[in-house]
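Work through the exercises below with the sequence and the model open beside you. Try each task before reading its solution.

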Amino acid sequence: MDVAASLNNIGLVFQNLGKNKEALEKHEEALRIRVKNLGHDHIDVARSYGNIGLVYSNLGENAKALEYHNRDLEIK
């Protein structure tokens, strides 16, 4: 799970740099690892969904952003 946390952190750095496509790749990779190891209802999975939602929002893809934020809320 350290790998997923590191990928998440790299994604956050990319977001801060305005490199949203790269951020999305890292957050999606972290999500895949988290779902595989923790299941769909874990709080870390929710955080990944929220981070992906933020990236989609930054990209102006508001429908996708809303979809991921709703997934985040369903778990929390």
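Leu7 is a residue of helix α1. The model is a predicted one.

**Exercise 1. Decide whether Leu7 is buried or exposed, and find which residues it touches.**

Solution. Step one is the accessibility: Leu7 has a relative accessibility of 9%. The cut-off for buried is under 20%, so Leu7 counts as buried. Step two is the list of neighbours. Leaving out residues up to four places away in sequence, Leu7 touches Lys26, Glu29, Ala30 and Ile33. Step three is a distance along the chain and in space: Leu7 and Ile75 are 68 residues apart in sequence, and their C-alpha atoms are 21 Å apart.

**Exercise 2. Classify Asn9 as buried, partly exposed or exposed.**

Solution. Asn9 also has its place in helix α1. Its relative accessible area is 43%. Partly exposed covers values between 20% and 50%, so Asn9 is partly exposed. For a spatial reference, take Ala30, which is 21 residues from Asn9 along the chain; the two C-alpha atoms are separated by 9.5 Å.

**Exercise 3. Check whether the end-to-end distance of helix α3 agrees or disagrees with its number of residues.**

Solution. Helix α3 covers residues 43–58, which is 16 residues. The expected span uses 1.5 Å times one less than the number of residues. This gives 22 Å for α3, and the C-alpha atoms at its ends are 23 Å apart, so the two values agree. Just after the helix, Gly60 has a positive phi of about 80°.

**Exercise 4. List buried residues of α3 and name helices that cover them.**

Solution. The buried residues of α3 are Val45, Ala46, Ser48, Tyr49, Gly50, Asn51, Ile52, Gly53, Val55 and Tyr56. Their cover includes α1 (2–16), α2 (20–38) and α4 (62–75). Take Asn51 as one case from α3. Its relative accessible area is 13%, so Asn51 is buried. Beyond residues up to four places away in sequence, Asn51 touches Asn8, Leu12, Gln15 and His27.

**Exercise 5. Describe how α1 packs against α3.**

Solution. Begin with the geometry: the axes of α1 and α3 are 11 Å apart and the packing angle is about 20°. Angles under 35 degrees count as roughly parallel, and α1 and α3 are therefore roughly parallel to each other. The crossing of α1 past α3 is left-handed. Next come the residues: α1 contributes Asn8, Leu12 and Gln15 to the contact, while α3 contributes Asn51, Leu54, Val55 and Asn58. By type, the residues of this contact are 3 nonpolar and 4 polar, with no charged ones.

**Exercise 6. Do the same for α3 and α4.**

Solution. The axes of α3 and α4 come within 8 Å and cross at roughly 165°. An angle over 145 degrees counts as roughly antiparallel, so α3 is roughly antiparallel to α4. The crossing of α3 past α4 is left-handed. From α3, the contact residues are Ile43, Val45, Ala46, Arg47, Tyr49, Gly50, Ile52, Gly53, Leu54, Tyr56 and Ser57. From α4, they are Asn62, Lys64, Ala65, Tyr68, His69, Arg71, Asp72 and Ile75. Sorted by type, the residues of the contact of α3 with α4 divide into 10 nonpolar, 5 polar and 4 charged.

Technical notes
Residues are numbered from 1 along each chain as its sequence is written. This is a predicted model: local features need pLDDT of at least 70, side-chain atom pairs count only at pLDDT 80 or more; totals for chains, interfaces and linings use all residues. Side-chain values use heavy atoms; hydrogens and water are left out. Helices (H or I, at least four residues) and strands (E, at least two) are DSSP runs, numbered from the N terminus. Buried means under 20% relative accessible area, exposed over 50%, partly exposed in between (1.4 Å probe, protein chains only). Contact means heavy atoms within 4.5 Å. Axes are lines fitted to C-alpha atoms, for helices over the stretch in contact, and angles run from 0 to 180 degrees between N-to-C directions. Angles under 35 degrees count as roughly parallel, over 145 as roughly antiparallel, 65 to 115 as roughly perpendicular and the rest as oblique. A crossing is left-handed if the near helix is turned anticlockwise from the far one by less than a right angle, and right-handed if clockwise. Ala, Val, Leu, Ile, Met, Phe, Trp, Tyr, Cys and Pro count as nonpolar, Asp, Glu, Lys and Arg as charged, and the others, Gly among them, as polar.
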